[in-house]
Amino acid sequence: MSFKTTATIASFGGKLLKLTHQASTVDCEMALNLYLPPQASSTQHKVPVLFYLSGLTCTSDNCAEKGFFQHGARGLKIEGQDDAYDFGTGAGFYINATQAPWSSNYKMESYITNELPSALFSSFPELDSSRVSITGHSMGGHGALTLFLKNPGMYKSVSAFAPIANPSKCPWGEKAFKGYLGEDKEAWKKHDATELIAGWKGGFDCLIDVGTGDNFYKQNQLLPENFAEAAKASGNDKGLVLRYQDGYDHSYYFISTFATDHVNHAAKHLFA
């Protein structure tokens, strides 16, 4: 599957590529950013990959211009998809929808874990498919945690900024899961990091940052405490680092402040 490069931007000594491609999984054109660091130009060594999943309403430009990460974006024409900011366009929750009309296109889980990496690694030989990590913000933090936990061995590490850590128990998640998955709350658990960590076997080395000034944290949309409690109860808290950053909000000021920490967290595993 070929990509179209719409822009090539010099950045931090490397190249930021703005890409689009027609994705069969979600049946629409997808847009994303791929950053190739300076060492990617060498034919001697392939570079590892860190996938970044964005939050509600965000696009690839938010990440590139404010957070400096990569992201798969989206765009469809489904009735009602733009009626609310927290459901529909920009709010796919990185799951495969099972309820009509969303089930025909809202298959971001399959896109992120299968189609996108396959397309990237076949199109860019300088990328190392054996060294891949994942991170994300808010809804994307939920996606990073759940996709890591649902696909053992696929990713070398996981981290998250202000993740929606227990979506079955918060308004954002309840709205999305009911719309995309239906009324069966047992089905919701398969896409909830707090439920998934309870059954995780093996090491779990994870970095999570949450701002204490984050209004969504104060409104109980994120619930990182629930995730930490479930990790402790299941014996999966030994490598979990949950940091509450005093005064920080939900914005890209918060993300950019701690972005290097998350890149270093991934690098520790990608270069192990």
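Partly exposed residues are those between the buried class, under 20% relative accessible area, and the exposed class, over 50%. At 25% relative accessibility, Arg243 therefore counts as partly exposed. The views below show a predicted model.

**Figure 1. Arg243 in a salt-bridge network with Asp209 and Asp261.**
The side chains of Arg243 and Asp209 form a salt bridge with an N to O distance of 2.7 Å. Arg243 belongs to strand β8 (residues 240–245) and Asp209 to strand β7, so this pair ties together parts 34 residues apart in sequence. Arg243 also forms a salt bridge with Asp261, where the closest N and O atoms are 2.9 Å apart. This second pair links strand β8 to helix α9, with the two positions 18 residues apart in the sense of being that far apart. Shared partners join Asp209, Arg243 and Asp261 into one network. Asp209 is buried, at a relative accessible area of 0%, whereas Asp261 is partly exposed at 31%.

**Figure 2. The salt bridge between Asp205 and Lys268.**
A search of the whole structure gives 8 salt bridges. One of them joins the side chains of Asp205 and Lys268, at 3.3 Å from N to O. Asp205 sits in the loop between α6 (193–197) and β7 (206–211), and Lys268 sits in helix α9 (residues 252–270), so the contact ties together parts that are 63 residues apart in sequence. Asp205 is partly exposed, with a relative accessible area of 27%.

**Figure 3. The residues annotated as "active site" in UniProt.**
The unreviewed UniProt entry places this annotation on Ser138, Asp214 and His250. These residues span 113 residues in sequence, yet no two of their C-alpha atoms are more than 11.0 Å apart, so they gather at one spot. Ser138 lies in the loop between β5 (127–136) and α3 (139–150). Asp214 lies in the loop between β7 and α7 (215–218). Both are buried: Ser138 has a relative accessibility of 2%, and Asp214 has a relative accessible area of 0%.

**Figure 4. Surroundings of Ser138 and Asp214.**
With neighbours within four places in sequence left aside, Ser138 is in contact with Gly55, Phe161, Ala162, Pro163, Ile164, Trp172 and His250. On the same basis, the contacts of Asp214 are Ala162, Leu222, Tyr248, Asp249 and His250. Ala162 and His250 appear in both sets of contacts. A polar atom of the Asp214 side chain lies 2.8 Å from the backbone nitrogen of Phe216.

**Figure 5. The aromatic pair of Tyr248 and Phe258.**
The structure holds 12 aromatic pairs. Among them is the edge-to-face pair of Tyr248 and Phe258, with 5.0 Å from centre to centre and 70° between the planes. Tyr248 is in the loop between β8 and α9, while Phe258 is in helix α9, and the two are 10 residues apart. Tyr248 is partly exposed, with a relative accessible area of 30%. Phe258 is buried, with a relative accessible area of 9%. Tyr248 is also one of the residues in contact with Asp214.

**Figure 6. An aromatic cluster of four named residues.**
Phe148, Trp200, Phe204 and Phe227 make up one aromatic cluster.

**Figure 7. The hairpin of strands β2 and β3.**
Strand β2 (residues 14–23) pairs with strand β3 (residues 28–36) in the antiparallel sense, over 9 bridges. Leu17 has Leu34 as its bridge partner in β3. The hairpin has 4 residues between the two strands, and Asp27 in the turn has a positive phi of about 55°.

**Figure 8. Glu109 and its contacts.**
Glu109 is located in helix α2 (residues 108–123). Its relative accessible area is 12%, and Glu109 is buried. Not counting residues up to four places away in sequence, Glu109 touches Tyr94, Ile95, Asn96, Leu147, Lys150 and His191.

Note on methods:
Residues numbered from 1 in each chain as written. Predicted model: local features only at pLDDT ≥ 70, side-chain atom pairs only at ≥ 80, totals over all residues. Heavy atoms only, no water. Salt bridge = Lys/Arg side-chain N within 4 Å of Asp/Glu carboxyl O. Buried < 20%, exposed > 50% of the residue type's maximum accessible area, 1.4 Å probe, protein only. UniProt positions renumbered as here; feature names shortened; annotations may be inferred. Contact = heavy atoms within 4.5 Å. Polar contact = N/O pair within 3.5 Å; in protein donor to acceptor, adjacent residues only side chain to side chain. Pairing = 2+ DSSP bridges. Phe/Tyr/Trp six-rings, centres within 6.5 Å; stacked < 30°, edge-to-face > 60°.
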